[in-house]
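User: Please take me through the structure shown below and justify each term that you apply to it.

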Amino acid sequence: MDALTAHLDELGHGLVTTVQLTVVTTLGALLLGVVVATLRVCPVPLLRSVGMVYVEVLQNLPLLALLVLFVFALPTIGITFPLFTSAAIVIAAYEGAYLAEAIRAGINTVGVGQAEAARAIGLTFSQSLRYVILPQGLRAVIQPMGNICIALLMNTSLAAAVGVVELTQAANNVNLVEAQPIAVFTGAGLAYMLLALVIGRLTGTLERRLAIVR
Amino acid sequence: MNPNQQILFDVPGPRAQRRIRIATVLGALAVLGGLAWAVHRFASYGELAADRWQPFTTWPIWRYLLDALWNTLLAAAATAVLSAALGLLLALGRLSVHRPVRWLAGAYVEVFRTVPALLLIYVTLFALPRYGLNFPLFWKLVVPLVVSNSAAFAEIFRAGIKALDRGQTEAGLAVGLRRGQVMRLVVLPQALLQLTPSLVSQLVGLLKDTSLGFVVSYTELLYSGQVLASYTNLLIQTFLVVALIYLVVNASLSKFARVLQARNGRFTGRGRSARPDPAVLTPGGNR
């Protein structure tokens with residue numbers, strides 16, 4: 001326990017970094033997810049294929065491989081970002097593919113009649129998507145999107161492997177100094193569980209507020 | 001293509017067709033522009049030179065990478081078998097009639113579903129050796145992955161078992177089978193068949209998880225790529241090739257999962273739609 005209290009500063013920094021990374025990448029991934037899901041259902045065949053290729057590639061590559069490629073290999077062709085930014089970009093791109101698939105599933109749950117009614121009153125594709133389909137489709141998949149956010153939280157720990165000092169790395173660093181693995185790692189594990197619980201509660205509340213009961 | 005995706009637009013008329021053509025041209029220009037920019041980037045840093053790609057046409061390099069792929073598959077297979085077995089036990093535990101068993105299995109699943117695999121790997125790397133548990137390298141990767149993946153498998157199995165019609169269990173009990181027998185003879189064979197696609201997609205996730213061997217320095221694909229890159233100094237080429245290998249293997253597995261899904265989980269045959277409707281065979285319907 002002393003090991004934890006003596007390094008509260010370091011662990012707190014790690015925790016804050018994890019939370020920051022989670023929030024930033026969730027927002028990025030949501031935006032990307034909506035865009036890619038839109039591409040996948042749009043009337044232009046080429047754009048549909050672009051969306052499909054994006055999802056296929058990003059879902060089938062290990063996140064760690066993407067992080068390593070981005071952080072260690074891209075500098076050789078002159079592309080460098082600060083470490084935190086790199087990690088955020090890669091994780092957002094990766095989770096964006098998963099969110100896109102969840103959102104597309106949501107779009108598919110919206111009744112055909114809704115889309116037909118939207119077209120019948122003269123809405124264009126983007127208008128019917130914006131005002132009719134997405135508001136209903138997104139509400140149908142709040143729970144799955146929450147699960148993806150929890151997966152995202154756990155995946156932010158991989159940023160540790162390329163050098164971002166977030167919660168996992170901070171715990172590891174403290175353990176290397178204090179050599180009290182049980183207390184330190186249990187503390188970090190509890191923090192992750194707590195954060196996941198918060199995300200679960202948040203999506204639960206959102207679901208109750210927003211879901212359309214049919 | 002899924003007909004549902006077509007609900008958002010009608011068969012395009014002349015104006016819509018013109019707009020689609022414009023969007024296609026713009027999209028193509030954007031994609032080509034991106035590619036051209038990437039090629040220019042590679043060229044201006046000299047990474048496009050033939051001698052920087054030529055090693056990847058030689059057998060020794062490929063043998064090294066294929067060896068690494070073999071190690072990746074080995075770790076994935078061990079993780080898959082062990083975590084599926086443990087996951088099944090946990091799922092049965094969560095559905096047990098005994099409260100303590102249910103509680104223990106539930107606690108395990110809830111905890112390890114929300115703790116990152118990397119944290120578990122750090123525990124096996126830095127914590128367990130202090131208590132005399134020093135696994136060989138292979139198991140330092142596989143044990144934490146099993147611990148975290150078994151929780152995911154348990155949730156898949158539990159969902160599958162619960163999704164099966166209750167009438168099946170009740171019928172089994174009614175003909176005098178004991179609970180264990182009902183589970184083994186009636187419920188599991190049907191639930192597992194339904195679950196095959198989800199289990200195969202979980203395999204993709206698991207195979208991706210083995211890339212954590214990078215942290216353990218177990219010579220799977222990603223770590224071997226790192227070793228190769230620091231030896232040959234062909235950083236971006238090596239990691240692109242490694243990514244390509246992952247992509248080919250995982251995309252095939254994903255494709256396999258989709259085929260299974262379309263066939264309703266059957267490895268052979270043409271799927272349920274080609275068979276007589278079960279509702280016809282069982283009077284009173286399946287539900």
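The exchange that follows sets computed values against the definitions behind them.

User: What kind of model is this, and how are residues, chains and ligands labelled?

Analyst: This is a predicted model, in which local features need pLDDT of at least 70 and side-chain atom pairs count only at pLDDT 80 or more, whereas totals for chains, interfaces and linings use all residues. Residues are numbered from 1 along each chain as its sequence is written, while chains are lettered from A and ligands numbered from 1 in the order in which they are written.

User: How many helices and strands do chain A and chain B have?

Analyst: Helices are DSSP runs of H or I with at least four residues, strands are runs of E with at least two, and both are numbered from the N terminus. Chain A has ten helices and zero strands, and chain B has twelve helices and zero strands. The C-alpha trace of chain A spans about 70 × 45 × 20 Å along its principal axes.

User: What makes the reach of helix H10 of chain A close to the expected value?

Analyst: The expected span is 1.5 Å times one less than the number of residues. Helix H10 (residues 181-210) of chain A has 30 residues, for which 44 Å is expected, and its first and last C-alpha atoms are 43 Å apart.

User: Why is A:Gly137 called buried?

Analyst: A residue is buried if 20 or more other C-beta atoms, placed from the backbone, lie within 10 Å of its own; 12 or fewer make it exposed, and values in between partly exposed. A:Gly137 has 23 such atoms within 10 Å and is therefore buried. A:Gly137 belongs to helix H7 (residues 125-140) of chain A. Buried residues make up 51% of the 214 residues in chain A, and 30% of the 287 residues of chain B. In H10(A), the buried residues include A:Phe185, A:Gly189 and A:Tyr192.

User: Which residues does A:Gly137 touch, leaving out those up to four places away in sequence?

Analyst: Contact requires C-beta atoms, placed from the backbone, within 7 Å. By that criterion A:Gly137 touches A:Ile103, A:Gly106, A:Ile107, A:Thr109 and A:Val110. The C-alpha atoms of A:Gly137 and A:Val110 are 5.9 Å apart, although their positions lie 27 residues apart along the chain.

User: Which part of chain A gives the most to the side that touches chain B, and what is the character of that side?

Analyst: The contact takes 45 residues from chain A and 45 residues from chain B. H10(A) gives the most to the side of chain A, with eight residues. That side divides into 33 nonpolar, ten polar and two charged residues. Here Ala, Val, Leu, Ile, Met, Phe, Trp, Tyr, Cys and Pro count as nonpolar, Asp, Glu, Lys and Arg as charged, and the others, Gly among them, as polar.

User: What makes a set of residues a nonpolar core, and how many residues has the largest?

Analyst: A nonpolar core is a set of buried Ala, Val, Leu, Ile, Met, Phe, Trp, Tyr and Cys residues joined through C-beta atoms within 7 Å. The largest has 130 residues, and those with the most contacts inside it are A:Leu64, A:Ala65, A:Leu67 and B:Leu118. Helix H5 (residues 83-109) of chain A supplies the largest share of this core, 14 residues. Among the residues that A:Leu67 touches are A:Ala87, A:Val90 and A:Leu158.

Key: Two residues are in contact if their C-beta atoms, placed from the backbone, lie within 7 Å.
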